[in-house]
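Work through the exercises below with the sequence and the structure in view. Try each task before reading its solution.

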Amino acid sequence: MYKFLGSLKGWMKLVWSVCSGQGRKTVQLRAEFTPGKVYYHAPPPVKAFPCPSPFGVKLETYLRMAGIAYEPMYDWYTSTGPKGKMPWIEYNGEAMGDSGLIMEFLNREKGVDLNQSLSAADKAVGRAFTKMVEENTFWGLAFNRYEDNFDKLHELYELPWDIRLVMWLPRRIVRQAMWAHGIGRHSKDEIEGIIEKDLKAISAFLGTKPYLMGDEPTEVDAAVFGQLSGILWAFPDSYLYRIVTVDCPNLQAYCVRIKDRYWPDWDQLAKKFKKDQ
């Protein structure tokens with residue numbers, strides 16, 4: 001019973017943090033740390049991808065693109081960061097939250113600039129696409145998981161049987177968050193139409209380029225890949241998957257390109273960390 005309640009509390013904490021946040025909070029940091037080392041906290045891998053959070057995939061992809069060494073700390077849904085969200089990092093004895101702000105900090109700290117080749121106008125476009133996928137398209141991903149494919153979600157997350165019994169609770173949290181955002185007030189057809197326009201906009205801008213802004217990846221690619229990977233490798237019979245693979249095949253090729261270049265261990269990570277069934 002205690003194990004069940006602990007798992008439930010952790011699972012609810014993760015879902016709530018991803019969807020709405022819990023405000024600032026104090027987190028327990030390690031007593032000893034290696035100066036200059038990034039300790040990366042995220043939900044553990046599942047069978048489809050290394051992190052069920054698209055923002056976790058974004059941040060870890062950025063770390064790999066930038067060549068920043070890090071140590072992953074998989075918290076099994078029990079530890080959220082200083083802003084009540086995951087992913088987060090520990091660095092030189094301090095906790096930092098929000099994937100975008102973490103990237104800005106590490107850019108300054110490590111002297112990294114993945115956008116150095118971009119003009120001011122191109123940087124503006126990259127920011128616009130980042131905000132679109134994270135503030136709008138993300139909710140289509142949430143709808144796809146917690147509404148369209150809710151009966152399959154426990155398989156994707158490899159949840160133990162006890163958590164499966166109470167999955168209606170995180171589903172309620174997601175619905176409330178979507179309603180507060182505004183997108184949850186639309187019909188299913190309207191939501192799907194909105195997200196389809198987002199994906200086709202990305203596809204049209206990408207065209208035949210290897211990456212969104214040209215021949216080499218920039219920060220926006222980490223953000224877009226974080227969201228698209230959650231579509232491409234989650235539910236192969238969903239309408240989002242059809243858009244990415246059939247209507248916009250360049251998006252599928254784009255995701256595979258990033259995965260092959262920066263995630264050679266993708267499949268190994270997904271297979272290594274299994275939960276007790």
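**Exercise 1: Glutamate 219**

The side chains of glutamate 219 and asparagine 107 are joined by a polar contact of 2.7 Å. (A polar contact is a pair of N or O atoms within 3.5 Å; within protein, one must be able to donate a hydrogen and the other to accept it, and residues adjacent in sequence count only if both atoms are side-chain atoms.) The model is predicted, so local features need pLDDT of at least 70 and side-chain atom pairs count only at pLDDT 80 or more, while totals for chains, interfaces and linings use all residues. Residues are numbered from 1 along each chain as its sequence is written, and side-chain values use heavy atoms, with hydrogens and water left out.

Task: Place glutamate 219 in its element, classify it as buried or exposed, and list what it touches.

Solution.
- Step 1. Glutamate 219 belongs to helix α9, residues 219-232. Helices (H or I, at least four residues) and strands (E, at least two) are DSSP runs, numbered from the N terminus.
- Step 2. The relative accessible area of glutamate 219 is 18%, so the residue is buried. The classes are buried under 20% relative accessible area, exposed over 50%, and partly exposed in between, with a 1.4 Å probe and protein chains only.
- Step 3. Leaving out residues up to four places away in sequence, glutamate 219 touches Tyr62, Met103, Asn107, Leu114 and Asn115. Contact means heavy atoms within 4.5 Å.
- Step 4. Lysine 58 is 161 residues from glutamate 219 along the chain, yet their C-alpha atoms are separated by 9.0 Å.

**Exercise 2: The core and two helix pairs**

Task: Find which residues have the most contacts inside the largest nonpolar core, and which helix gives the most to it.

Solution.
- Step 1. A nonpolar core is a set of buried Ala, Val, Leu, Ile, Met, Phe, Trp, Tyr and Cys residues joined through side-chain atoms within 4.5 Å.
- Step 2. The largest one has 76 residues, and Tyr62, Leu199 and Tyr254 have the most contacts inside it.
- Step 3. Helix α4, residues 120-148, gives the most to this core, with 9 residues.
- Step 4. Among the residues that leucine 199 touches are Thr137, Leu228 and Leu251.
- Step 5. In soluble globular proteins, nonpolar side chains tend to be buried together.

Task: Describe how α4 packs on α9, and how α8 packs on α11.

Solution.
- Step 1. The axes of α4 and α9 are 9 Å apart, and the helices pack at an angle of about 15°. Therefore α4 is roughly parallel to α9. Axes are lines fitted to C-alpha atoms, for helices over the stretch in contact, and angles run from 0 to 180 degrees between N-to-C directions. Angles under 35 degrees count as roughly parallel, over 145 as roughly antiparallel, 65 to 115 as roughly perpendicular and the rest as oblique.
- Step 2. Residues of α4 including Phe129, Val133 and Leu141 meet residues of α9 including Val220, Ala223 and Ile231.
- Step 3. Helix α8 (residues 188-206) and helix α11 (residues 249-262) have axes that come within 9 Å and cross at roughly 75°. Therefore α8 is roughly perpendicular to α11. Leu199, Ile202, Ser203 and Leu206 of α8 make the contact with Asn250, Leu251 and Tyr254 of α11.

**Exercise 3: Residues in loops**

Task: For serine 238, proline 43, proline 87, asparagine 92 and aspartate 98, name the loop and one local feature.

Solution.
- Step 1. Serine 238 sits in the loop between α9 and α10 (239-247) and is buried, at a relative accessible area of 7%. A polar atom of its side chain lies 3.0 Å from the backbone oxygen of phenylalanine 235.
- Step 2. Proline 43 is in the loop between β1 (38-42) and α2 (54-66), and its 1% relative accessibility makes it buried. Proline 43 and tyrosine 74 are 31 residues apart in sequence but 5.5 Å apart in space, C-alpha to C-alpha.
- Step 3. Proline 87 is in the loop between β2 (70-74) and β3 (88-91). The peptide bond from methionine 86 to proline 87 is cis, with omega near 5°.
- Step 4. Asparagine 92 is in the loop between β3 and β4 (94-97), and its phi is near 50°, a positive value in a residue other than glycine.
- Step 5. Aspartate 98 is in the loop between β4 and α3 (99-110), with phi near 75°. Aspartate 98 is partly exposed, at 39% relative accessible area.
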